[in-house]
Amino acid sequence: MNIELINVWYRYSKSKDWALKEISITFRSSEIVYIDGHNGSGKTTLLKIASLMYRPTKGFITINNKNFWSLNEEKKTLFRRRVVYVHEKPILLRGTVLDNILYGLRIRGIDIEEALDISLNILSMFGIDDLINKPIQKLSTGQAQLVAIARALAVKPDILFLDEPFSNLDKEKRKAVINILNEFQTKGMGIVFSSHNIDIDGLSRYRRIVLENGVIASIYE
Amino acid sequence: MKAMAEIIDTILRSIMVSGVATLMASLWSIPLAYLFVFRNRGSVFIEAVIETLVGIPTVLLGLLLYILFSSSGLLGFLGLLYTPQAIIIGESILVTPLIISISYRSIRGIAHLYYEFALSIGANRVQRMRLIVSQSLPGVVAACITGFSRAIGELGIAMMIGGNIKGYTRVMTTAIALEVAKGNFEEAIILGIVLLLITIAISIAIKLISRVYVA
């Protein structure tokens with residue numbers, strides 16, 4: 001799967017300033033991309049546009065050479081199911097950890113037994129299977145972040161977009177998450193994450209895009 | 001003994017009348033609140049109108065309904081004046097803006113967040129709406145509780161179009177007013193305490209229900 005942003009500009013409805021300008025870039029399955037930039041540089045906006053949530057004010061988004069925003073609602077949903085975005089501040093549903101992991105699977109029509117298997121596996125990978133029946137109000141911020149990432153991975157998207165996924169995690173947990181992400185990438189999943197000032201081993205292996213004031217300042221392949 | 005039976009009868013009638021009024025008001029107020037959030041147009045105007053109506057004096061509403069239900073009024077032929085049904089209609093109208101206002105604010109507060117989340121995980125349009133509805137349910141329940149509290153503690157409408165008829169339209173608030181006027185403070189205080197306890201008990205019960213609710 002390829003998501004191509006062609007000369008994308010974005011302005012929030014109540015703002016006069018452009019949050020993104022002249023963005024042309026392609027995100028693909030099977031690669032890890034790291035988006036770097038200061039606060040307010042446009043990282044979150046870029047991720048939300050690339051993950052098919054926000055419609056660009058100007059420019060085009062094509063997926064496998066199809067203009068996404070000209071598709072009907074049904075086709076849009078089909079593409080959206082192949083792409084998942086994880087918010088910087090984890091948004092969890094009321095209920096337990098399991099309810100949250102199941103949600104993405106159930107809306108895709110996966111039957112409950114298979115969904116339970118997938119949920120248990122993914123929670124085990126993250127080492128948080130003991131939290132399965134824990135109400136989300138009782139999770140720490142770090143645990144909530146892990147649940148949100150696990151929930152996204154459970155549906156096995158073609159490309160996963162993660163907004164500051166390490167911001168609430170300690171160094172050990174960061175390393176564990178990076179290892180899991182690497183594992184999914186080797187199985188063909190594309191992973192795009194934003195972050196700044198992070199200390200992760202092997203970061204230089206990933207394609208790095210640096211944003212400054214809403215424009216791509218540099219790309220390191 | 002007879003006095004106690006009368007008090008219990010009044011309490012039960014109050015709960016029934018306010019409960020039905022709140023239920024009726026919820027039937028149209030909750031869908032309207034969701035509609036206002038999802039349409040997302042003219043929100044400033046809608047908020048202004050609803051908030052103005054929240055503060056409408058109950059005596060004014062009672063007067064308008066009295067004119068409407070009186071024998072020479074537009075709806076006089078229905079024979080509703082001085083009936084429990086008239087109080088139910090009046091209270092349901094009274095609490096409608098309140099339920100809409102509180103529901104609207106609570107839904108609007110989370111709708112954007114859960115809409116984005118649902119979009120981000122691949123929910124279709126119906127699933128997105130369902131998610132927002134399920135996640136906003138505690139706020140909506142809280143709005144109904146507030147509506148019930150307002151209805152059960154209301155005096156003006158119950159007095160003006162209910163008439164405070166013993167054993168028929170007498171509710172706790174009108175009974176309290178009558179007992180105070182008669183100088184029977186003991187009965188008035190009992191009813192006042194019961195009124196307070198009912199409101200607190202229902203609030204606690206429904207909050208507990210909404211806490212264990214799983215999306």
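Contact here means heavy atoms within 4.5 Å. By that rule, 22 residues of chain B are in contact with 22 residues of chain A. Before going on, note that this is a predicted model. I will take the interface, then the pocket, then the cavities.

Chain B to begin with. Chain B has 8 helices and 0 strands, so in sequence order the pattern is α-α-α-α-α-α-α-α, with a helix being a DSSP run of at least four residues. Along the principal axes, the C-alpha atoms of chain B fill a box of roughly 65 × 40 × 25 Å.

Now the interface. The size of an interface is often given as the accessible area lost when the parts come together. For chain B and chain A, the buried area is about 2,000 Å². Carbon and sulfur atoms give 55% of that area.

On the polar side, there are 3 salt bridges between chain B and chain A. One of the pairs to look at is A:Glu73 with B:Arg125, a salt bridge whose closest N and O atoms are 3.4 Å apart. The rule also finds 13 residue pairs in polar contact across this interface, both residues of each pair being at pLDDT 80 or more.

Which helices of chain B supply at least two residues each of the side that touches chain A? They are helix H4, residues 84-121, and helix H5, residues 125-152. H5(B) gives the largest share of that side, 8 residues. Sorted by class, the side of chain B that touches chain A has 12 nonpolar, 7 polar and 3 charged residues.

Next, the largest pocket. Its volume is about 890 Å³. The pocket is lined by 27 residues, and those closest to its centre are B:Asn40, B:Ala111, B:His112, B:Tyr115 and B:Glu116. Both chains take part in the lining: helix H2 of chain A, residues 73-80, supplies at least two residues, as does each of H1 (2-39), H4 and H5 of chain B. The largest share, 7 residues, comes from H4(B). By class, the lining of this pocket divides into 14 nonpolar, 4 polar and 9 charged residues.

That leaves the enclosed space. How many cavities of 30 Å³ or more are there by this rule? The count is 2.

The largest cavity has a volume of about 80 Å³. Its lining draws on both chains, with A:Val84, A:Tyr85, A:Val86 and A:His87 among the residues from chain A, and B:Phe117, B:Ser120 and B:Ile121 from chain B. In terms of elements, strand S6 (83-86) and helix H5 (141-154) of chain A, and H4 of chain B, each supply at least two residues of this lining. The classes here are 9 nonpolar, 2 polar and 1 charged.

The second largest cavity holds about 30 Å³ of space. B:Glu47, B:Ile50, B:Glu51, B:Ser101, B:Tyr104 and B:Arg105 line this one. Helix H2 of chain B, residues 43-54, and H4 of chain B each give at least two residues of the lining. By class, the lining has 2 nonpolar, 1 polar and 3 charged residues.

To close, one element to keep in view is H4 of chain B. H4 supplies at least two residues of the side of chain B that touches chain A. H4(B) also gives the largest share of the lining of the largest pocket. At least two residues of the lining come from H4 in the largest cavity, and at least two in the second largest cavity.

Terms used
Residues are numbered from 1 along each chain as its sequence is written. Chains are lettered from A and ligands numbered from 1 in the order in which they are written. This is a predicted model: local features need pLDDT of at least 70, side-chain atom pairs count only at pLDDT 80 or more; totals for chains, interfaces and linings use all residues. Side-chain values use heavy atoms; hydrogens and water are left out. Buried area is the accessible area (1.4 Å probe) that two parts lose on being put together, summed over both. A salt bridge is a side-chain nitrogen of Lys or Arg within 4 Å of a carboxyl oxygen of Asp or Glu. A polar contact is a pair of N or O atoms within 3.5 Å; within protein, one must be able to donate a hydrogen and the other to accept it, and residues adjacent in sequence count only if both atoms are side-chain atoms. Ala, Val, Leu, Ile, Met, Phe, Trp, Tyr, Cys and Pro count as nonpolar, Asp, Glu, Lys and Arg as charged, and the others, Gly among them, as polar. On a 1 Å grid over the protein atoms alone, a cavity is a set of points where a 1.4 Å probe fits but cannot get out, and a pocket is an open set with protein on both sides within 12 Å along at least five of seven lines; lining residues have an atom within 4 Å of a point. Grid points are joined across faces, edges and corners, and a volume is the space filled by probe spheres set on the points.
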